[in-house]
2 protein chains.
Amino acid sequence: MTATPRLGEFQRIARFFAPLAAPEALGLLDDVALIDGPPGEQYVLKTDAIVENVHFLPDDPPRQIAQKLLRVNLSDLAAKGARPYGYLLMTALRAGHDEAWLAEFAAGLAADQKEFGIGLMGGDSVSTPGATTLSVAALGRIKSGTAVLRRGAKPGETIYVSGTLGDAALGLMVAKGGLSNMSPGARAFLLDRFRLPQPRLSLGPRLVGIATAMMDISDGLVADLGHICDVSSVAAKVEAAKLPLSAAARAALAGDASLRQAVLGGGDDYELLFTAPAAAQAALATIAGETGVAITAIGRIEAGQGVRVLDEAGRAMTVETAGYAHF
Amino acid sequence: MTATPRLGEFQRIARFFAPLAAPEALGLLDDVALIDGPPGEQYVLKTDAIVENVHFLPDDPPRQIAQKLLRVNLSDLAAKGARPYGYLLMTALRAGHDEAWLAEFAAGLAADQKEFGIGLMGGDSVSTPGATTLSVAALGRIKSGTAVLRRGAKPGETIYVSGTLGDAALGLMVAKGGLSNMSPGARAFLLDRFRLPQPRLSLGPRLVGIATAMMDISDGLVADLGHICDVSSVAAKVEAAKLPLSAAARAALAGDASLRQAVLGGGDDYELLFTAPAAAQAALATIAGETGVAITAIGRIEAGQGVRVLDEAGRAMTVETAGYAHF
């Protein structure tokens with residue numbers, strides 16, 4: 001999850017927190033830590049917070065707030081190839097959340113616990129004079145040494161994404177009253193994609209041993225692909241025409257071509273972004289069929305550094321990423 | 001850590017969150033979870049948050065805020081008998097914390113990492129429009145099956161506390177401008193006890209196999225002893241005259257006897273509160289000598305329910321706990 005300004009967060013982490021990192025934190029470059037579990041197993045640890053008026057709105061349904069909170073964390077576990085195991089919950093609640101709000105919030109947690117097979121392992125519940133702040137520390141499990149990190153991308157490999165891109169960024173526009181000329185059904189679809197991410201927990205573990213680098217898309221395709229390139233010391237070339245779009249996103253872009261920026265730069269999709277050698281193509285097709293999650297090749301890893309996006313004519317496109325903010 | 005009203009927090013947890021608890025969370029009754037680690041070991045998981053203007057003040061030194069944040073979590077690990085291992089950090093920062101603030105905050109983390117032998121294993125850094133909120137998820141390690149829970153107290157056992165009680169509650173009064181008639185040295189001592197808890201990490205692991213129930217004192221002696229009694233299905237009798245006081249606290253109470261309420265009901269001492277059979281007395285004396293941490297018998301576990309505090313004449317005292325709040 002992100003806050004404004006995003007650049008500030010990365011600088012803050014690199015300058016002040018990275019020097020504090022334990023070996024298990026992988027230099028804080030992977031957004032997860034790996035610690036030894038029972039024989040042959042590791043735990044994957046991840047923490048992500050959401051803040052009222054930054055990552056969710058006061059009027060958002062509490063059930064969906066709870067589910068988004070859990071899912072942004074579970075998505076990171078999926079992106080390492082891990083199975084979800086449990087979580088710790090921190091709630092700092094402002095005045096005004098009544099019992100009905102809390103009951104709905106807990107119902108959202110309960111629904112996702114059941115869906116994803118996890119349990120609440122502890123937490124802290126405090127009051128705040130400010131914005132409600134919710135944090136989860138999630139635990140996943142994975143066979144030792146098999147977690148897919150961000151640092152393994154190599155020149156010549158193909159870049160893939162799961163699902164469709166840009167729906168959440170367009171859904172955020174809907175939440176803010178935009179895209180009013182679209183159909184109610186399309187608007188509802190996009191809003192749902194923004195409010196209720198689908199962590200790719202069926203797909204992620206299937207990519208262990210196939211994907212060479214993987215992460216989930218939370219800051220936007222170009223920004224997140226940039227992270228993989230940075231820590232893998234490679235460059236990436238993306239073909240904009242290949243980006244998988246939902247029918248709703250396709251309709252939105254047909255009405256306003258500038259919305260393609262939301263597909264390239266917008267965050268919160270929580271799809272998987274990964275690299276794999278060409279030889280993996282058949283295996284990936286099988287996995288896509290078996291999991292029911294689309295897998296789309298969108299570009300190629302090259303030697304060098306940075307992310308280039310090319311339009312249909314092969315011209316380099318400019319992508320706005322630094323200015324991305326939730327609200 | 002607590003927020004106002006404390007009673008509300010417990011009701012909230014019992015009603016909305018306890019039904020979500022995994023077996024590893026021990027019914028959320030122990031404030032920690034235990035999960036399997038490498039052979040013969042378990043991880044102890046704990047999360048605690050602190051909020052600006054609730055648990056710390058905007059002008060508090062950022063170095064001490066960082067250390068308090070870590071230590072309130074490490075204290076819970078000590079209270080299970082665990083050794084600290086690492087932590088995840090969530091920072092939701094409001095505007096106005098400049099680079100000097102962040103550098104001092106990080107320096108506080110670094111100092112405590114070194115002192116307690118732990119490393120940062122990951123985190124999330126977001127912005128907030130409200131009060132700065134800081135959360136840690138701490139991991140400890142312990143030999144499997146040896147964690148000291150809250151539920152093991154039995155009638156006839158002795159109740160012990162480490163260190164001295166009430167200093168932090170009196171230190172909070174100093175922070176708010178109170179106790180102005182005390183010496184600067186005494187005021188500084190009390191303020192330090194409030195701002196910089198000393199997690200009893202040398203003592204806690206030594207009590208494995210001796211203590212039958214244990215927790216740290218964060219909500220106040222009477223409230224926390226009440227938790228042990230509740231989950232152990234026993235009662236407790238405390239002799240107020242036996243409560244260990246620092247020289248500064250003794251001086252404060254000599255000037256104003258009503259301050260004894262701060263010793264009985266005030267929180268944030270982060271001393272260990274535990275029960276043990278009479279046969280353990282000699283072993284405890286040895287451990288106190290070797291660790292340099294005082295261990296004081298303050299009462300006895302009985303059949304029944306609830307906590308009674310008796311004054312020097314054996315009369316029941318009334319203790320204010322429900323109204324305890326940080327600021």
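This is a short tour of the sheet in chain A and of the side that faces chain B.

The model is predicted: local features need pLDDT of at least 70, side-chain atom pairs count only at pLDDT 80 or more, and totals for chains, interfaces and linings use all residues. Residues are numbered from 1 along each chain as its sequence is written, while chains are lettered from A and ligands numbered from 1 in the order in which they are written.

**The sheet.** Select the strands of chain A (strands are DSSP runs of E, at least two residues; helices are runs of H or I, at least four; both are numbered from the N terminus). Five strands form an open sheet in the order S1-S2-S5-S3-S4, with mixed pairing. Pairing requires at least two DSSP bridges between two strands. At the edges sit S1 (33–36) and S4 (119–127), each pairing on one side only. Neighbouring strands are turned by 20° against each other on average, direction ignored. Axes here are lines fitted to C-alpha atoms, for helices over the stretch in contact, and angles run from 0 to 180 degrees between N-to-C directions.

**S3 and S5.** Select 83–93 and 133–143 of chain A: these strands pair antiparallel over 9 bridges. Find A:Gly86, which stands opposite A:Leu139 in S5(A).

**Helix H2.** Select 62–78 of chain A. H2 packs on the sheet, touching S2 (41–51), S3 and S5. Its direction makes about 145° with that of S2(A).

**Chain B.** Now show both chains. In contact (C-beta atoms, placed from the backbone, within 7 Å) are 55 residues of chain A and 55 residues of chain B. On the chain A side, S4(A) supplies the largest share, 9 residues.

Technical notes: Contact = placed C-beta atoms within 7 Å.
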